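Trainee: Can you take one part of this chain and walk me through it up close? I'd like the numbers with their cut-offs, and I'd like to see how the pieces hang together.

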Amino acid sequence: DSLTIDENFKQVFLLSKKINEATNGAFDPSIGPLITAWGFDYAQAEKMDSAKVDSLLAICGFDLFYLKNSTLVKREKAASLNFNANAQGYSVDLICKLLDEKNIENYYVELGGELKVKGKNKRGVWWLIGIDRPKGKNLDRNLGARISLENKAMATSGNYRKFYEVDGNRYSHTLNPKTGYPAQNKLMSATVIAADCGSADAYATAFMVMGTEKTIDFLRDHPELSAYLISSGGGEAYETYFTPD
């Protein structure tokens, strides 16, 4: 099964493959069948058990897809890609590219929480971005931190607002590609700052899968990324971690 794709699709695919390899599979848009089955793409959630999850894992994996010039080929007919975890960030980069071509010196571009800034705001200072406090759904948007951003992109992924409940059990919207189940760890929110928003978006999702400790280890080896992590400290308490910069 194959499809001719445009340049944007190709770039998102290549970026996804790069970060999939860098995170040892923690970021993986090839889990499209699992996302649909769990009901995370607005489809009706199916009854999930270990047998169902295992059968779907068998048709997931980036090795099922490859590029041949401008053609995307998949080796398994039932396999599918879902770029919800980095397409928004990539879209931000496209808009910023257009503004750069128009010689716009100061801008703030944001789509669904993913953003990139250039220059300064109307007060002549670096753009100041707020990070939600992870308490309940935080619909009042109380801030847990403020970050001064200088010509960078930023994305946040969290499990305290996006989830669904079945039979009284709450499931995170972030799936662990290795287990096929929603990620379960103490990390509640991951904010990533990078040169481009597509990467920041993808890494934020990967970190929610990896958890706090593995993410901190990863960040030590990747100084090109900055991050602010919020983890559960038990009950209503939470702990924070900042990269040195």
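Mentor: Sure, let's start at asparagine 103, which sits in the loop between α4 and β4. (Helices here are DSSP H or I runs of at least four residues, strands are E runs of at least two, and both are numbered from the N terminus.) Keep in mind that this is a predicted model, where local features need pLDDT of at least 70, side-chain atom pairs count only at pLDDT 80 or more, and totals for chains, interfaces and linings use all residues. Residues are numbered from 1 along each chain as its sequence is written, and side-chain values use heavy atoms, with hydrogens and water left out.

Asparagine 103 isn't a glycine, yet its phi is positive, at about 60 degrees. The residue is exposed, with a relative accessible area of 63%; the scale is buried under 20%, exposed over 50% and partly exposed in between, using a 1.4 Å probe and protein chains only.

Follow the chain out of that loop and you reach β4, which belongs to an open sheet of 6 strands in the order β4-β5-β8-β11-β12-β13, with antiparallel pairing. Two strands count as paired if DSSP finds at least two bridges between them. The edges are β4 (107-111) and β13 (237-242), each of which pairs on one side only. Ignoring direction, neighbouring strands in this sheet are turned by 15 degrees against each other on average. For angles generally, axes are lines fitted to C-alpha atoms, for helices over the stretch in contact, and values run from 0 to 180 degrees between N-to-C directions.

Zoom in on one pairing: β5 (residues 114-118) and β8 (residues 153-158) run antiparallel and are joined by 2 bridges. One to look up is lysine 116, whose bridge partner in β8 is alanine 153. Packing against the sheet comes helix α4 (residues 87-101), which touches β4 and β5 and points at about 155 degrees to β4. (Touching, or contact, means heavy atoms within 4.5 Å.) Helix α6 packs on the sheet too, touching β11 (187-194), β12 (226-234) and β13, with its direction at about 160 degrees to that of β12.

What does α6 do with its neighbour α5? The axes of α5 (residues 197-210) and α6 (residues 212-220) come within 7 Å and cross at roughly 130 degrees. That makes the pair oblique, because under 35 degrees counts as roughly parallel, over 145 as roughly antiparallel, 65 to 115 as roughly perpendicular, and the rest as oblique. On the α5 side the contact uses Tyr203, Phe207 and Met210, and on the α6 side Thr212, Lys214, Thr215, Phe218 and Leu219. By class, that contact has 5 nonpolar, 2 polar and 1 charged residue. In this scheme Ala, Val, Leu, Ile, Met, Phe, Trp, Tyr, Cys and Pro are nonpolar, Asp, Glu, Lys and Arg are charged, and the others, Gly among them, are polar.

Now the inside. The largest nonpolar core has 24 residues, and Val192, Tyr203, Phe207 and Leu225 touch the most other members. A core here is a set of buried Ala, Val, Leu, Ile, Met, Phe, Trp, Tyr and Cys residues joined through side-chain atoms within 4.5 Å. At least two residues each come from α1 (7-22), β11, α5, α6 and β12, and α5 gives the most, with 9. Beyond its neighbours within four places in sequence, valine 192 has contacts that include Ala153, Tyr203, Phe207 and Leu225.

Two more strand residues are worth selecting in your viewer. Isoleucine 193 lies in β11 and is buried, with a relative accessible area of 12%. Leaving out residues up to four places away, isoleucine 193 touches several residues, including Ala153, Met154 and Leu225. Leucine 229 is in β12 and counts as buried at 0% relative accessibility. With the same four-place exclusion, the residues touching leucine 229 include Thr212, Thr215 and Ile216, along with Glu239, Thr240 and Tyr241. Between the C-alpha atoms of isoleucine 193 and leucine 229 there are 12 Å, with the two residues 36 apart along the chain. Glycine 211 is 18 residues from leucine 229 in sequence and 9.7 Å away, C-alpha to C-alpha.
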